[in-house]
Each structure stands twice: as C-alpha cells, then as structure tokens.
Amino acid sequence: MRISELARASSTPVTAVKYYQREGLLPPGEKSAPNQTAYDDRHVERVRLVRALLETGGLSVAVAKQVLAVLDAETAPLAEVFAVAQYAMTTPRSPESAATPEARARIEERVSAAGWCATSDNPGLETAARALDGLRTIGFDAPDDYLDAYVSAAASAARADVAALQHRDGRTAMAELMVIGTVLGDPLFAGLRRLAQQDATHDLFPVADTDEAGA
C-alpha cells in the first residue's frame with residue numbers, strides 16, 4: 001500500500017505519518033519504484049501504536065522511541081515493554097510534592113500483604129501514597145480495611161486489563177492496548193466508581209419516600 005493508503009488504514013492524517021517517518025518512529029517501507037514506497041500491515045500497526053503513545057499516552061518523541069526500542073527487541077519480555085511504557089506515561093513530581101515516607105510505607109505494607117509482585121520504583125506507589133497524604137490533610141487516616149478494599153478492586157481491574165491483552169495478535173497490538181487501556185482505564189474506573197458510590201450512598205443513607213414523608 002502507498003502512504004495515502006497507510007494513512008487511511010490507520011485512520012491517521014498523511015502529514016502525521018510523514019512526521020513519524022521523519023522522527024524515526026516508523027520503519028521505512030519497501031521501495032517499489034524510484035519514487036514509490038510500499039507499506040504493509042506491520043506499518044499500519046506501528047502507526048496506530050505511535051499515535052497511541054504520542055496522543056493518548058502523551059509521550060514525547062524521545063520517550064516514545066525508548067518504548068519502541070524495547071518493543072522491537074524481540075528478546076525483551078512483554079513485562080519489560082509494559083513497564084517502560086507505564087513508567088513513561090507517569091508524570092514525574094517535584095521533590096516538594098513527593099509523598100511522605102509514612103504514606104509510602106503504608107502503601108508498601110498493603111501491597112506486600114496482598115502478595116503483589118510490584119517493585120519499589122513503580123510510579124503507582126508514589127501516586128497512591130500522595131493520595132493518602134491528601135486524605136490525612138482532612139484528618140482521615142485511612143484504616144487497613146479501607147485500603148484493602150481499594151487493593152482488591154485494583155487487583156480485579158488489573159487482571160481484567162492483562163487478560164484482555166491475550167486476545168490481541170502480536171506484541172505491537174498488545175502494547176497498543178496496554179497504552180490505551182492504561183490511560184483510558186483510569187477514567188473508566190473513576191466513572192464506574194462514582195456510579196457505585198451513588199448506589200452505596202442510596203443503600204447506607206436512604207432518602208425517605210416522598211409519599212411516606214408527606215403522609
């Protein structure tokens with residue numbers, strides 16, 4: 001296929017495809033004539049992934065290249081590819097806004113109690129710990145059962161995320177879903193949680209029926 005067909009197949013503007021080429025994010029096609037280059041389905045997958053990294057994941061070109069380099073290293077396990085992409089999509093915080101050691105220790109404790117295989121440099125640790133610090137500013141020191149409920153919900157969501165990857169064909173397609181799923185999974189989870197909060201509030205703090213109240 002020509003570059004215009006590649007753009008159409010990947011639902012990406014031709015200008016963007018050419019930009020990916022110039023930046024070295026897209027492997028070169030095969031020369032089919034002096035002024036023509038042919039592309040195949042592998043290029044379609046790569047364009048979609050690059051777009052996911054840059055637009056949905058919000059990565060810079062330089063960082064996207066790092067993720068793609070790990071992906072292209074066929075000997076690198078998928079877990080390493082996912083870790084590089086996940087860490088890259090986490091916005092670093094300044095030292096002034098870093099979580100307190102106490103909050104980090106609480107999260108590490110609950111993660112350990114859950115038996116998770118998670119490293120201390122996972123950006124999720126800092127994110128969760130800063131949330132604990134925020135709760136403490138209003139005088140709420142989250143008890144273990146409160147945190148464990150979140151741990152359980154997160155574990156279920158994470159297993160669904162990983163299980164979905166098994167239905168994708170190839171490393172590139174898996175990486176694409178991992179990026180999109182990580183970014184969009186957060187608002188999906190938040191939206192469903194708000195719906196569940198409304199339901200739980202209705203159960204715990206029922207509103208009196210208007211007919212009964214007026215009787």
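## Terms and model

Buried means under 20% relative accessible area, exposed means over 50%, and partly exposed covers what lies in between, with a 1.4 Å probe and protein chains only; by that rule Arg110, with a relative accessible area of 13%, is buried. The structure is a predicted model, in which local features need pLDDT of at least 70 and side-chain atom pairs count only at pLDDT 80 or more, while totals for chains, interfaces and linings use all residues. Residues are numbered from 1 along each chain as its sequence is written, and side-chain values use heavy atoms, with hydrogens and water left out.

The pLDDT, which is the predictor's confidence in each residue on a scale from 0 to 100, averages 88 over the protein, and 94% of the residues score at least 70. Among the helices, which like strands are DSSP runs numbered from the N terminus (helices H or I, at least four residues; strands E, at least two), confidence is lowest in the protein in H10 (residues 210–214), at a mean of 55, and highest in H6 (residues 101–114), at 96.

## The annotated N-terminal region

The unreviewed UniProt entry places the feature "domain: HTH merR-type" at residues 1–70; UniProt positions are given in the numbering used here, feature names are shortened, and annotations may be inferred rather than shown by experiment. Over residues 1–70 the chain is 60% helix and 10% strand, and the end C-alpha atoms are 27 Å apart.

Ser11 is in the loop between H1 and H2, and its phi is near 55°, a positive value in a residue other than glycine. Most residues other than glycine have a negative phi. Ser11 is also exposed, with a relative accessible area of 56%. Asp40 and Arg42 form a salt bridge, that is, a side-chain nitrogen of Lys or Arg within 4 Å of a carboxyl oxygen of Asp or Glu, with their closest N and O atoms 2.7 Å apart. Of these partners, Asp40 is partly exposed at a relative accessible area of 26%, whereas Arg42 counts as exposed at 63%.

## Nonpolar cores

A nonpolar core is a set of buried Ala, Val, Leu, Ile, Met, Phe, Trp, Tyr and Cys residues joined through side-chain atoms within 4.5 Å. The largest such core has 33 residues, of which Tyr20, Leu25 and Leu53 touch the most other members. Two or more residues each are given to this core by H1 (3–9), H2 (14–22), H3 (41–56), H4 (61–72), H5 (78–88) and H9 (171–204), and the largest share, seven residues, comes from H3. Apart from this core lies another, of nine residues, among them Ala99, Ala103, Ile107 and Leu125.

Contact means heavy atoms within 4.5 Å. Not counting residues up to four places away in sequence, Leu53 touches Gly58, Leu59, Ala64, Val67, Leu68 and Val179. Arg46, which is in helix H3, is buried, with a relative accessible area of 8%. With the same sequence neighbours left out, up to four places away, Arg46 touches Leu25, Leu26, Pro27, Leu68, Asp72 and Thr172.

## Salt bridges between H6 and H8

A search of the whole structure finds 13 salt bridges. Arg110 forms one with Asp144, where the closest N and O atoms are 3.6 Å apart; Arg110 lies in H6 and Asp144 in H8 (residues 144–165), so the pair ties together parts that are 34 residues apart in sequence. Arg110 also meets Asp148 in a salt bridge of 2.9 Å, N to O, and this pair links H6 and H8 across 38 residues.

Both acidic partners are partly exposed, Asp144 with a relative accessible area of 33% and Asp148 at 30%. The two bridges belong to a network of salt bridges that links Arg106, Glu109, Arg110, Arg136, Asp141, Asp144 and Asp148.

## Aromatic residues

Rings of Phe, Tyr and Trp (its six-membered ring) pair if their centres lie within 6.5 Å, and planes under 30 degrees apart count as stacked, over 60 as edge-to-face and the rest as tilted. Three aromatic pairs are found in the whole structure, one of them the edge-to-face pair of Phe140 and Tyr146, at 5.2 Å centre to centre and 75° between the planes. Phe140, at 31% relative accessibility, is partly exposed, as is Tyr146, at 29%, and with Tyr150 they form one aromatic cluster.

Trp116 is in the loop between H6 and H7 (123–136) and is partly exposed, with a relative accessible area of 37%. Not counting residues up to four places away in sequence, Trp116 touches Val111, Val151, Ala154 and Ala155; the C-alpha atoms of Trp116 and Ala155, 39 residues apart along the chain, are separated by 8.9 Å.
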